[in-house]
Amino acid sequence: MSAELKALAGASGVDLALDPVGGEYSEPALRCLASLGRYLVVGFTAGVPKIPLNLVLLNGRKVIGVDWKTLVTREPAVARTNLQHLFQLWGQGVISPKVTATYDFSQVPEAIEQLESRAALGKVVVKIDHDA
């Protein structure tokens, strides 16, 4: 996995790694960072990683915790601006979230089960009919 990430990152590495997965994927992601690169910790769906801190120290890399709930609570205006920017990028086709499954509102229990069983590889979407 490390070799594949390094090949994708190129010789100089990447400036930013966003990690919503954790576990065994964290160290390879951190290793593919460029000098002074930033590693954003978003979640631990694959478990909490053990990261050798020499990877941070030796190349001046930064590990930054990103928690949406904390941002919304402490800085709601910043959170709102970030969300507007994400929707703008999505509308322009710059980003495209992976959707595992889409459910009607009547299927909410099935959607929750997919999340709880960790079967979702991307987002689980529940459609809400505003006309009903």
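**Strands, crossovers and overall size**

Reader: How do β2 and strand β3 (residues 62-65) pair, and over how many bridges?
Author: β2 and β3 pair in the parallel sense, with four bridges between them. Two strands count as paired if DSSP finds at least two bridges between them. Strands (E, at least two residues) and helices (H or I, at least four) are DSSP runs numbered from the N terminus.

Reader: Is this an experimental model or a predicted one?
Author: This is a predicted model, where local features need pLDDT of at least 70, side-chain atom pairs count only at pLDDT 80 or more, and totals for chains, interfaces and linings use all residues. Residues are numbered from 1 along each chain as its sequence is written, and side-chain values use heavy atoms, leaving out hydrogens and water.

Reader: Back to the β2-β3 pair. Which residue in β3 is the bridge partner of Arg-38?
Author: Lys-62 is the β3 partner of Arg-38. Arg-38 is also the β2 bridge partner of Leu-16.

Reader: Leu-16 takes us to β1. How many bridges join β1 to β2?
Author: Five bridges join β1 to β2 (residues 33-41), and the two strands run parallel.

Reader: What lies with β1 and β2 in their β-α-β unit, and what is its hand?
Author: Helix α2 (residues 26-31) completes the unit with β1 and β2, and the unit is right-handed. Right-handed here has the strands pointing away from the viewer and the path from the first strand over the helix to the second running clockwise.

Reader: And β4, how does it pair with β5?
Author: β4 (residues 99-104) and β5 (residues 123-127) are parallel, paired over five bridges. Between β4 and β5 the chain passes through helix α6 (residues 108-116), again as a β-α-β crossover that is right-handed. One of the bridges puts Asp-104 opposite Lys-127 of β5.

Reader: New topic. How far does α5 reach from its first C-alpha to its last?
Author: Helix α5 (residues 76-91) has 16 residues and covers 22 Å between those atoms, close to the expected 22 Å. The expected span is 1.5 Å times one less than the number of residues.

Reader: What follows α5?
Author: Gly-93 follows α5, with a positive phi near 80°.

Reader: Step back, then. How many helices and strands does the chain have?
Author: The chain has six helices and five strands. Along the sequence they come in the order α-β-α-β-α-β-α-α-β-α-β.

Reader: What is the radius of gyration of the chain?
Author: The chain has 18 Å, whereas a compact globule of 132 residues would be near 14 Å. The radius is taken over C-alpha atoms, and the globule rule is 2.2 Å times the number of residues to the power 0.38.

Reader: What box do the C-alpha atoms fill?
Author: Taken along the principal axes, the box is roughly 60 × 35 × 30 Å.
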